[in-house]
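Thanks, everyone, for making the time. I would like to take you through one model, beginning with the overall fold and ending at the boundary between two domains.

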Amino acid sequence: MTIFSPQTEGEIVDAVQWALSENAPVEVIGHGSKRLLGRPLQTEHTIALSSYSGVTLYEPDELVLSAKAGTPIAELESLLAANGQAFQFEPMDYGPLLAQPSGKGSLGGLLATNLCGPRRLKYGSARDHVLGVRVVSGRGELFKSGGRVVKNVTGYDLSKGMASSWGTLGIATEITVKVLPAPETETTLVVRGLTDDEAARAMAMAMGSSGEVASAAHLPANVAPRVIEGQLTGEAATLLRLEGFAPSVNDRAIMLKGLLASAGTIHEISRKTSRRLWREVRDVIPFADGTERPVWRVSMVPMEAYKLVASLRMGAAVDAFYDWQGGLVWLRMEGEPEAEAVRALIRKYGGGHATLVRASVSVRAALPVFEPQPAPLAALSKRLKQQFDPSGILNPGRMVAGV
Amino acid sequence: MSGLLMPKADDATMARREAIIAALKTIVPGEGVVDATNAMRVFESDALTAYRQLPLVVVLPQTVAQVSQVLKYCHENNVKVVPRGSGTSLSGGALPLEDAVLLVMSRFNQILEIDYPNRVAVVQPGVTNLGITKAVEHEGFYYAPDPSSQIACSIGGNVAENSGGVHCLKYGLTANNVLGLEMVLISGEVIRLGGKHLDTEGYDLLGLMTGSEGLLGVVTEVTVRILQKPTTARALMVGFPTSEQAGKCVADIIAAGIIPGGMEMMDRPAIHAAEDFVHAGYPLEVEALLIIELDGPSVEVDHLINMVETIARENGASTCVVSQNEEERMVFWAGRKAAFPAVGRISPDYLCMDGTIPRKELPKVLAGMRRLSETYGLRVANVFHAGDGNLHPLILYDANVPEELAKAEAFGADILRLCVEVGGVLTGEHGVGVEKRDLMPVMFNDVDLNQQIRVKCAFDEKHLLNPGKVFPQLHRCAELGRMHVHRGKLPFPDIPRF
């Protein structure tokens with residue numbers, strides 16, 4: 001068993017070349033924070049990018065940052081915060097949910113798993129903010145794509161191609177991302193006592209208004225007490241986050257309170273607690289229970305998603321809460337993952353996809369962790385993998401057996 | 001064609017023309033196949049009018065099944081296909097080939113679904129960009145990306161080119177506003193990527209498709225995000241004695257945490273041309289003019305207008321006017337929006353270039369352009385999407401003067417080389433097409449380009465879709481499949497091993 005810890009881009013190329021010459025599949029990791037996600041690997045060797053770390057370019061006025069793949073996200077977020085900026089897509093931290101330490105993810109992993117957070121609706125995910133990449137392909141070749149400017153249509157967007165590829169196409173060595181000003185302030189409106197379907201309608205109304213809501217989530221009554229130290233105990237809590245310059249936030253809060261007056265009682269959570277609340281929603285704190293009980297991450301059409309939960313509840317014990325205007329469902333199963341039931345219901349209610357983000361190793365090895373694809377799409381994905389990694393040496397089977 | 005080398009027409013295909021037409025007529029009956037020379041003339045170029053070529057035959061399918069059958073037929077019979085939307089490409093992306101079927105998607109012009117609670121619209125690819133906004137604006141919604149050709153360009157073409165517009169720093173490009181696609185591969189297989197929900201599992205093929213210039217597949221349905229229209233928009237018109245000061249003003253606005261809805265810059269020649277044309281009241285003594293638009297709730301817009309005005313004055317603005325009503329805002333924009341035709345009035349012909357640079361490099365690039373302008377003896381006017389660094393130099397020339405087009409093209413190529421040299425890129429929003437195809441090696445080496453072509457190989461191994469575009473040379477997929485591994489040596493003799 002060999003662990004490569006390359007210090008330079010040249011050493012990353014060498015490590016892949018070695019794996020090719022030995023025909024030895026390798027696991028590619030940063031700091032290993034997402035090893036419990038996806039399908040378990042059984043490779044003998046590992047390429048760890050944790051030592052390939054550091055910011056290579058940061059120009060706040062130009063809204064651009066480049067760093068080596070092993071750079072910790074936490075380090076980048078501190079640097080940005082010191083300059084009044086942020087990753088607007090708010091990358092989540094899987095640590096708490098997986099009973100792992102917080103703040104361990106790297107920039108490479110952020111792109112490879114296409115992280116995002118509660119602002120997904122308004123600002124997108126990692127793939128919407130990546131501007132350029134340098135990559136060592138599974139052929140052991142170093143290539144670049146994209147650049148450091150926002151507006152660029154020169155050639156295929158291989159930077160996006162690396163997003164959500166889970167290290168199976170190539171090893172991104174250096175990544176350039178768009179960074180943006182952090183909002184001056186934020187506040188959260190909380191509507192109490194709504195059922196899941198009432199909440200879906202209220203969130204749709206708020207998101208479709210001129211209130212410029214940055215995030216909309218719904219915590220049913222049994223989940224609401226599990227955030228911000230029980231401050232939302234009692235009834236279900238539907239959360240609407242407003243961000244920006246103070247006069248604008250105040251004005252929009254007043255407008256939205258008027259718009260939603262008939263929906264239920266509304267109170268406001270101020271800046272500091274609001275930030276904490278959304279971080280906890282982002283990191284799935286309500287299900288961070290230290291167990292391996294199966295947790296699904298489901299993306300559906302917002303106005304359909306609550307129907308999935310209602311249907312599941314008729315046959316199995318499940319716990320659920322919603323982000324992204326209701327379209328992102330975090331589902332914790334009390335027993336079996338019920339993969340086929342969950343996926344059949346998603347197809348029934350408008351389509352989407354489900355990822356089994358937490359389960360024991362044996363379950364993740366046996367079940368399709370990611371949403372199975374129709375045959376022509378699966379074949380195309382396989383062809384793409386072959387074009388980047390013809391020998392199948394990079395994270396083989398991390399997403400799907402054979403890819 | 002001026003110096004543009006397209007793939008050599010395949011004699012065998014040309015010889016089979018009648019058989020191909022007959023086959024297509026069985027797939028798309030009625031008016032859907034156009035093969036008479038006169039009728040095909042309207043399709044012989046796109047908006048890059050310097051290049052013209054009649055296609056082998058034009059086919060206008062009406063159903064997904066027809067698109068699938070046409071592509072399957074062409075795939076099985078090794079016939080090339082050039083897809084086309086509204087034909088507004090500025091880079092020759094839809095330029096026909098002599099031996100290729102031109103697949104025109106304009107009959108796919110229906111809006112299939114508008115879903116306000118989920119804020120999405122599902123449309124066919126031939127619907128115009130503005131057509132989407134028109135369909136939802138009575139409910140206060142719009143589709144955000146707004147390329148200047150939005151009245152004519154199709155959403156399918158926007159996907160192919162990853163179109164931007166003046167508002168993309170704040171609202172994103174096409175790639176950030178498209179949620180799903182239905183598309184047909186050259187094999188005829190129909191696949192769906194994404195949908196009304198967010199994100200896809202597996203590889204981001206949606207991201208690869210967006211901006212792929214018709215080389216990977218043919219889009220037959222697009223699901224887009226629609227947004228609530230901002231309640232207020234106000235603009236400032238700010239003149240500066242130097243472009244350095246204007247550039248510093250833009251940087252300071254962003255440093256203050258403000259992302260304007262739009263932020264446009266014009267240089268002196270562009271200001272004069274525009275003012276002479278539309279009389280927008282632009283100051284004529286300044287070297288650089290900024291038009292800065294703030295949008296959102298009125299309280300926010302008023303707050304930000306004050307901040308921006310202060311920043312502008314601190315940076316030495318010689319004029320600074322704030323729009324007081326919608327009419328004034330439109331007048332500020334009128335000159336900028338008419339900049340291209342305005343330049344068209346002062347010169348028989350012009351070439352519109354499209355590089356992007358890191359904003360801070362603007363003074364250097366403008367100075368470089370002035371030098372080049374003298375060297376080539378051709379005038380240049382500049383409009384600049386200042387927020388995102390996208391530069392549109394307009395090179396003035398006269399096509400009736402022998403060699404002047406070639407000279408203008410050489411000037412343009414030098415400008416793009418300069419853009420790349422300062423850390424920018426060859427094209428910000430117009431696409432590579434045929435126009436910038438041969439400049440790709442300025443930005444990418446062989447390894448970079450070969451990996452891009454390998455993506456093409458995964459979608460279209462025979463290189464039948466839109467060949468001759470984007471890549472200076474299309475290597476055969478089999479040739480690219482070979483591996484070059486230097487075997488035997490274990491790297492890192494000195495690193496710790498476990």
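What you see is a predicted model, and in chain A the secondary structure amounts to 13 helices together with 18 strands. The radius of gyration of chain A is 21 Å, close to the 22 Å that the globule rule gives for 403 residues, so the chain is as compact as a globular protein of that length. If you take the principal axes as the frame, the C-alpha atoms of chain A fill a box of roughly 65 × 50 × 35 Å.

Turning to packing, 61% of the 403 residues in chain A are buried. Among contacts in chain A with a separation of 6 or more, 72% are between residues 24 or more positions apart.

Now to the domains, where the assignment for chain A gives domain 1 at 47-181, domain 2 at 185-282 and domain 3 at 289-366. I will concentrate on domain 2 and domain 3 of chain A, whose centres, taken over C-alpha atoms, are separated by 23 Å. Between them, 15 residues of domain 2 of chain A are in contact with 12 residues of domain 3 of chain A.

Which elements give two or more residues to the domain 2 side of chain A that touches domain 3? They are helix H7 (196-207) and strand S12 (215-219) of chain A, and H7(A) gives the most to that side, with seven residues. By class, this side of domain 2 of chain A has 11 nonpolar, two polar and two charged residues.

Definitions and conventions. Residues are numbered from 1 along each chain as its sequence is written. Chains are lettered from A and ligands numbered from 1 in the order in which they are written. This is a predicted model: local features need pLDDT of at least 70, side-chain atom pairs count only at pLDDT 80 or more; totals for chains, interfaces and linings use all residues. Helices (H or I, at least four residues) and strands (E, at least two) are DSSP runs, numbered from the N terminus. The radius of gyration is taken over C-alpha atoms; the globule rule is 2.2 Å times the number of residues to the power 0.38. A residue is buried if 20 or more other C-beta atoms lie within 10 Å of its own, exposed if 12 or fewer, and partly exposed in between; C-beta atoms are placed from the backbone. Two residues are in contact if their C-beta atoms, placed from the backbone, lie within 7 Å. Domain bounds come from an automatic or database domain assignment. Ala, Val, Leu, Ile, Met, Phe, Trp, Tyr, Cys and Pro count as nonpolar, Asp, Glu, Lys and Arg as charged, and the others, Gly among them, as polar.
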